[in-house]
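Dear colleague,

I am passing on the structure below, and after it you will find what came out of going through it. Please read the notes with the model open beside them.

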Amino acid sequence: MTRGNERELALHLIYAQEFTGEPPLETVNDRLKEEYRATLAGEYPLYGEDAASQRTYIDRVVAGVADKQEELNEHIRSLSKGWDLRRISRITRAVLQLSMYEILFEEDVPTGVSISEAVRLAKLYDSEEAGSFVNGILGTFARSLTEAKA
């Protein structure tokens, strides 16, 4: 499984966890069982891939986003001027949370790669406009981190 597919699968799990309210790793365990994946493989080919070898990244980011959700949402709130957090679609919010988590806490994921992947996922699961919105928010976020270090 490629890192892009791992990221996309992690996005699905972050999104699902928000709806179920169950502990993040319970969501991961339930949704990565072979029987469950088989039901989704026709619609989403990435569920046909074996994710067992990629569980370290998936477990870490899904649990990390859940653990840091308030901090991530605060970053989103502060950067999305004129937008109430509830007006941002859940999938776009999950994309932003995942990318911000990667930028802040995943040292092996380059910021530019995380932003590009987030834009791709926002366009895939929401809309072209969501992709532009995500690009703007994450670009500003990345610049603010760079400026804070200077």
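Of the 150 residues of the protein, 45% count as buried, where buried means under 20% relative accessible area, found with a 1.4 Å probe and protein chains only. This is a predicted model, in which local features need pLDDT of at least 70 and side-chain atom pairs count only at pLDDT 80 or more, while totals for chains, interfaces and linings use all residues. Residues are numbered from 1 along each chain as its sequence is written, and side-chain values use heavy atoms, with hydrogens and water left out.

The protein has eight helices and zero strands, helices being DSSP runs of H or I with at least four residues and strands runs of E with at least two, both numbered from the N terminus. Among contacts with a separation of 6 or more, 68% are between residues 24 or more positions apart, a contact being heavy atoms within 4.5 Å.

One residue that I would like to point out is Glu102, which lies in helix 6 (residues 90-105) and, at 0% relative accessibility, counts as buried. Its side chain makes polar contacts with the side chains of Arg7, at 2.9 Å, and Ser114, at 2.7 Å; such a contact is a pair of N or O atoms within 3.5 Å, where, within protein, one must be able to donate a hydrogen and the other to accept it, and residues adjacent in sequence count only if both atoms are side-chain atoms. Leaving aside residues up to four places away in sequence, Glu102 touches Arg7, Tyr57, Val109 and Ser114.

With best regards

Note on methods
Buried < 20%, exposed > 50% of the residue type's maximum accessible area, 1.4 Å probe, protein only.
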